[in-house]
Amino acid sequence: KQWYQRRVAITAGVHQNAILCETIKKEQKHQKLHKDYRVNPFKKINVLASKPNSNVEDDTQEDEQFINIFKKAREVPTEKYDYPQTESQSYGWFTTPLIDSDRSDIRLHHPRTMSEVTKYMDAAWRLKEQSENMQ
């Protein structure tokens, strides 16, 4: 039994090594090496100004690609995409009216009108406000 246990231990070590080698090959195959590091444009940035009494000129160049990504991240979803990306965005996505408003068409335009009752109550409220203001 000892030789069998030792053989199993050796083969288990060989299998563990094979699994490790296979894992490393998969990681190297799918791993991306990033050499270009940038600030995350989707995170809020607190920009600090230089000292007001400093005579040193700031000769740093603006990174156009970062500025474009930053502006794109700050856009409203209706400017970023042609169509809503989620169901919640579909509400209010298209804000233009389906038909032009025509104020002369009484089917679609219902302005406020004053009847005898509303004129009476308007006068009564004005009188009540005046009497309260006089006291």
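Where is Asp105 found? Asp105 sits in the loop between α3 (77-80) and α4 (116-134). The model is predicted. Its chain has four helices and zero strands. Only a small set of features is picked out below, grouped by topic.

**Overall build**

- Read from the N terminus on, the elements run α-α-α-α.
- The chain holds 135 residues, and buried ones make up 4% of them.
- The accessible surface of the chain comes to about 14,600 Å². Carbon and sulfur atoms account for 54% of that surface.
- Take the contacts in the chain with a separation of 6 or more: 45% of them join residues 24 or more positions apart.

**Asp105 in its loop**

- Is Asp105 buried or exposed? Asp105 counts as buried, because its relative accessibility is 16% and the cut-off for buried is under 20%.
- The side chain of Asp105 also has a polar partner. It makes a polar contact with the side chain of Arg107, at 3.0 Å.

**Helix α4**

- How many residues of α4 are buried? The number is zero out of 19, so the helix lies largely in the open.
- The length of α4 can be checked with simple arithmetic. At 1.5 Å a residue, its 19 residues should span 27 Å. The C-alpha atoms at its ends are 27 Å apart, which agrees.
- Tyr120 is found in helix α4. Tyr120 counts as exposed, because its relative accessibility is 59% and exposed means over 50%.
- Tyr120 also belongs to a nonpolar surface patch. Its partners in the patch are Val117, Met121 and Trp125, and the patch covers about 500 Å².

**Salt bridge in α4**

- Which residue does Asp122 meet in a salt bridge? The partner is Arg126, with 3.0 Å from N to O.
- Why does this pairing fit the helix? Asp122 and Arg126 are four residues apart in α4, so about one helical turn separates them.
- The two ends of this bridge fall into separate classes of exposure. Asp122 is partly exposed, at 30% relative accessibility. Arg126 is exposed, with a relative accessible area of 53%.

**Other salt bridges**

- A search of the whole structure finds four salt bridges. Two more of them are described here, one of them in helix α1.
- Glu22 forms a salt bridge with Lys26. Their closest N and O atoms are 3.6 Å apart.
- Glu22 and Lys26 lie four residues apart in helix α1 (residues 2-30), so they too are separated by about one helical turn.
- Glu22 is partly exposed, because its relative accessible area of 46% falls between the 20% and 50% cut-offs.
- Lys72 forms a salt bridge with Glu75, and the closest N and O atoms are 3.8 Å apart.
- Both partners are partly exposed: Lys72 has 43% relative accessibility, and Glu75 has a relative accessible area of 28%.

Conventions
Residues are numbered from 1 along each chain as its sequence is written. This is a predicted model: local features need pLDDT of at least 70, side-chain atom pairs count only at pLDDT 80 or more; totals for chains, interfaces and linings use all residues. Side-chain values use heavy atoms; hydrogens and water are left out. Buried means under 20% relative accessible area, exposed over 50%, partly exposed in between (1.4 Å probe, protein chains only). A polar contact is a pair of N or O atoms within 3.5 Å; within protein, one must be able to donate a hydrogen and the other to accept it, and residues adjacent in sequence count only if both atoms are side-chain atoms. The expected span of a helix is 1.5 Å times one less than its number of residues. Patches are made of residues with over 30% relative accessible area and no salt bridge: like charges are joined within 9 Å, nonpolar side chains (Val, Leu, Ile, Met, Phe, Trp, Tyr) within 5 Å. Accessible areas come from the Shrake-Rupley method with a 1.4 Å probe; for residues, only the protein chains shown count as cover. A salt bridge is a side-chain nitrogen of Lys or Arg within 4 Å of a carboxyl oxygen of Asp or Glu. Contact means heavy atoms within 4.5 Å.
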